[in-house]
Amino acid sequence: MAPRRCPCGTGLTSAECCGRFSDGTASAATAEQLMRSRYSAFVAGDAAYLLDTWHPRTRPASLDLDRDVRWTGLEVLATTGGGMLAAEGTVEFRASYVRGGRRGSQHEDSRFVREGGRWYYLDGVSLG
Ligand SMILES: [Zn+2]
């Protein structure tokens with residue numbers, strides 16, 4: 001069986017890409033890696049990982065994922081900061097989905113902060 005490609009679209013296998021973050025083997029080194037792994041967690045319906053990577057200041061008490069949404073692709077459009085030595089960064093992305101047979105996309109500029117050597121999602125601005 002061919003190894004499964006990571007849903008975030010890097011072309012790597014899940015194990016080489018976001019899978020090592022969601023299974024706890026490694027932590028995301030950059031804000032973009034964390035953003036990609038959170039997208040892959042949405043694809044997988046992994047609410048626990050989404051909550052775990054959400055900054056405690058803005059994290060919801062619980063997360064109900066919309067089971068009718070099937071995520072179909074991710075494009076990272078722009079990043080600022082977010083590097084291995086940075087403490088904050090932003091990632092602008094467009095995530096495509098199909099819901100009830102209709103295509104849609106979520107365009108967002110997300111903010112990330114790094115604390116204690118770990119990147120966290122802080123919040124995001126929807127760009128339509
Ligand atoms: Zn990935």
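I read the element order first: from the N terminus, the protein chain of this predicted model runs α-α-α-β-β-β-β. That makes three helices and four strands. Helices (H or I, at least four residues) and strands (E, at least two) are DSSP runs, numbered from the N terminus.

I noted the ground rules. Residues are numbered from 1 along each chain, and side-chain values use heavy atoms, without hydrogens and water. Local features need pLDDT of at least 70, side-chain atom pairs count only at pLDDT 80 or more, and totals for chains, interfaces and linings use all residues.

Next I checked overall size. The C-alpha trace spans about 40 × 35 × 30 Å along its principal axes. The radius of gyration of the protein chain is 14 Å, which agrees with the value near 14 Å for a compact globule of 128 residues. I took the radius over C-alpha atoms; the globule rule is 2.2 Å times the number of residues to the power 0.38.

Then I looked at burial. Buried residues (under 20% relative accessible area, 1.4 Å probe, protein chains only) make up 38% of the 128.

I turned to the largest nonpolar core, a set of buried Ala, Val, Leu, Ile, Met, Phe, Trp, Tyr and Cys residues joined through side-chain atoms within 4.5 Å. It has 25 residues; Cys-8, Leu-34, Met-35, Tyr-39, Leu-74, Ala-95 and Phe-112 touch the most other members. Helix H2 (31-44) and strand E1 (69-81) are among the elements giving two or more residues. H2 gives the largest share, five residues.

Last, I followed Cys-8. Beyond neighbours within four places in sequence, Cys-8 is in contact (heavy atoms within 4.5 Å) with Cys-17, Cys-18, Arg-36, Tyr-39, Ser-40 and Leu-74.

Definitions and conventions: Buried means under 20% relative accessible area, exposed over 50%, partly exposed in between (1.4 Å probe, protein chains only).
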